[in-house]
Amino acid sequence: MSTDKMKMNIEKFVQKFRDTLVNQCGVVGSSRILVALSGGADSMALLHLLKHSEMECLAVHCNFSLRGRESDEDEIFVQNICKEWDVELITERFDTTAYVTENGISIEMAARELRYELFNTICREKEIKLIATGHHGDDAIETFFLNLARGTGLKGLTGIAYQRDSIIRPLLFATSQEIIEYCNQQSIPFRTDSTNHETTYLRNKIRHQIVPLFKEINPSFFNTMQNNMEYLTEAWQIFMAEAVKVKEEMIAGTGDSLLIPIKQLNEHSQKKSMLFEILQPYGFSGSVIHNIADSMNGIPGKQFFSQTHRLVVDRYNLVLVPKSETDINQYYINSETEEIDQPIRLSIKTFKKRDDFSFSVNPKKVHLDADLIDFPLIVRTPNAGDRFQPLGMTHFKKISDFFIDQKLSLVEKENTWLLINNDDIAWVIGHRIDNRYKITSTTKTILEVSVMH
C-alpha cells in the first residue's frame, strides 16, 4: 500500500471518528472529557484521537491487581505516555479479589463497579460531564451475543449505545483491527492484555470461537451486524414508546411497589414483552417472567422472587413489593406518646367525651374507649390463631378469616398491623376496631388513633 493511500485511510478514519463524536455522541465544542485509559490499543487510540480533535482530556487508569507484574507494568506504561503527551492522569489501585469475596459477584462485575464508581467520583470532583471509553464495534457484537445467550430482551440486542448518560463511546464505528492499524500507522504504542486470549471468560469465548464462524459464513459480518443493531435500536425505540404508554395507563403504585392489573395485561397483544419491560428492571430474569405470565390466570397466591423484590399473583393484580424479612418486632406506645413513626406512622391523642361527639367512620382514624385502655399499647403483626370481636359482632373471629372476608391480598395481609391492649386486639389497623372497645353512652374519655400519611 502506498504512503498516499495509507494517509487517505487515516484521514477517513479520523473524519469518521469526529463525525461520530458529534452526531452519535453529542459532543459539541472543545468539551473536557475523562478518558478511561487501560493502555490497550483501543484506549490509546481514543486518547490520541480526542487530543487531535482538540478536546481537553483527563485520563484515568485503574489497576485491578489481577495480573500481578503485568498490571503494574500497564500502570507505569500509561504514566509514561501521559507525561510524554502532556495529559493529566489519575491512577487508582484496587484489591479486586477482596471486593469479589465481600460482594459475592464475578470479577468482571467487580471491575465494572469499581471502575465506574471511580469515574463518577472524579467527574464530581473535577466537574467533568463526559466519560469516554474505548469500546469498539466488535465489543458491541460480542455484547449482542452475550445478551442473546442470557435472554435480556430486545434492549440487549441493540448492542452498546454510543451515548448513555455521561458515557460516550466514539469508537463503536470501528473494528478492533482498524484501531490497531491506526495505532501502528500513527506509531502509537499500546499494551496487550494476556488474558484477552483466554477462553475462561464468556466474552472471550464469543470473541475467539463464535464470531469467527459467522465471519466465515459472511465476510461482511461486521457491517451486517452494525446494520442489524441499528435496526434493532430503532425497533426498541418504537417498542419503548408503547411500553411507556402501557406503564402510564395501566400500572398503579409508587416507588418500588407496583400493582399490575391482570385483566388489562391479558388484553394486550404483546403481554409477555410488556411484562418483561415492567419487571426486568427489578431483577427478574426472562425465564421467571415467562413463568409469571403463565401463572397470571391460575390460582392466586403464587409468588416469584428476584434478589430485591417479590411478586405475588393476586386475584386481580400482580403485586410487586421490595423483598424484606417479616417484621416480628413489637412496638410500644406509652400513655404520654403522641406520635410514632415505626412500624407505621400513628397519631395518638386522648380527650374527654363531649355531648356533641360523633365517632369516626374512617377505618384509618378510630375512637376507642380510653377507660378500657391499659398502657403501654403494643403494635405488632398478626400471629397464628389471633382472634378479635369485629365492630358490630357479638362473637369472635379469627384474624385469618377476617382477612379472607375483606379480600386482602397476601401482601396486604403481611403489611397489616394490630393495636394490642393487654392481650386483646383493640384495632386491626386501617380496617376494624374490636367491638369491646367501641364508644358507648357510658364512655367518659376517648382515645383517638389515626394513621398518618
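**Exercise 1. Which strands does α2 lie across, and at about what angle does α2 run to β1?**

Ground rules come before the solution. This is a predicted model, where local features need pLDDT of at least 70, side-chain atom pairs count only at pLDDT 80 or more, and totals for chains, interfaces and linings use all residues. Residues are numbered from 1 along each chain as its sequence is written, and side-chain values use heavy atoms, with hydrogens and water left out.

Solution.
- Identify the elements: helices (H or I, at least four residues) and strands (E, at least two) are DSSP runs, numbered from the N terminus.
- Find the strands: α2 lies across β1 (32–36), β2 (56–63) and β4.
- Read the angle: α2 runs at about 165 degrees to β1. Axes are lines fitted to C-alpha atoms, for helices over the stretch in contact, with angles from 0 to 180 degrees between N-to-C directions.

**Exercise 2. Describe the packing of α2 against α3.**

Solution.
- Geometry: α2 (residues 41–51) and α3 (residues 69–85) pack at about 15 degrees, with axes 13 Å apart.
- Class: that makes the two helices roughly parallel (angles under 35 degrees).
- Hand: the crossing is right-handed (the near helix is turned clockwise from the far one by less than a right angle).
- Contacts (heavy atoms within 4.5 Å): Met44, Leu47, His48 and Lys51 of α2 meet Phe77, Ile81 and Trp85 of α3.
- Character: these contact residues divide into 5 nonpolar, 1 polar and 1 charged.

**Exercise 3. Lay out the sheet that contains β1.**

Solution.
- Order: 6 strands form an open sheet, β3-β2-β1-β4-β6-β5, with mixed pairing. Strands pair if DSSP finds at least two bridges between them.
- Edges: β3 (88–93) and β5 (163–164) each have a single partner strand, so one side of each is left without a neighbour in the sheet.
- One pair: β4 (residues 130–132) and β6 (residues 167–168) run parallel, joined by 2 bridges. Ala132 has Ile168 as its bridge partner in β6.

**Exercise 4. Lay out the sheet that contains β14.**

Solution.
- Order: this open sheet has 4 strands, β13-β14-β22-β15, paired antiparallel.
- Edges: β13 (339–340) and β15 (365–369) take these places, each with a single partner strand.
- One pair: 7 bridges join β14 (residues 346–352) to β22 (residues 445–451). Lys352 is partnered by Thr445 in β22.

**Exercise 5. How many salt bridges does the structure hold, and how far apart are the closest N and O atoms of Arg69 and Glu73?**

Solution.
- Criterion: a side-chain nitrogen of Lys or Arg lies within 4 Å of a carboxyl oxygen of Asp or Glu.
- Count: the structure holds 24 salt bridges.
- Distance: the closest N and O atoms of Arg69 and Glu73 are 2.9 Å apart.
- Spacing: Arg69 and Glu73 are 4 residues apart in α3, so about one helical turn separates them.

Technical notes
Parallel < 35°, antiparallel > 145°, perpendicular 65-115°, else oblique. Nonpolar A, V, L, I, M, F, W, Y, C, P; charged D, E, K, R; others polar.
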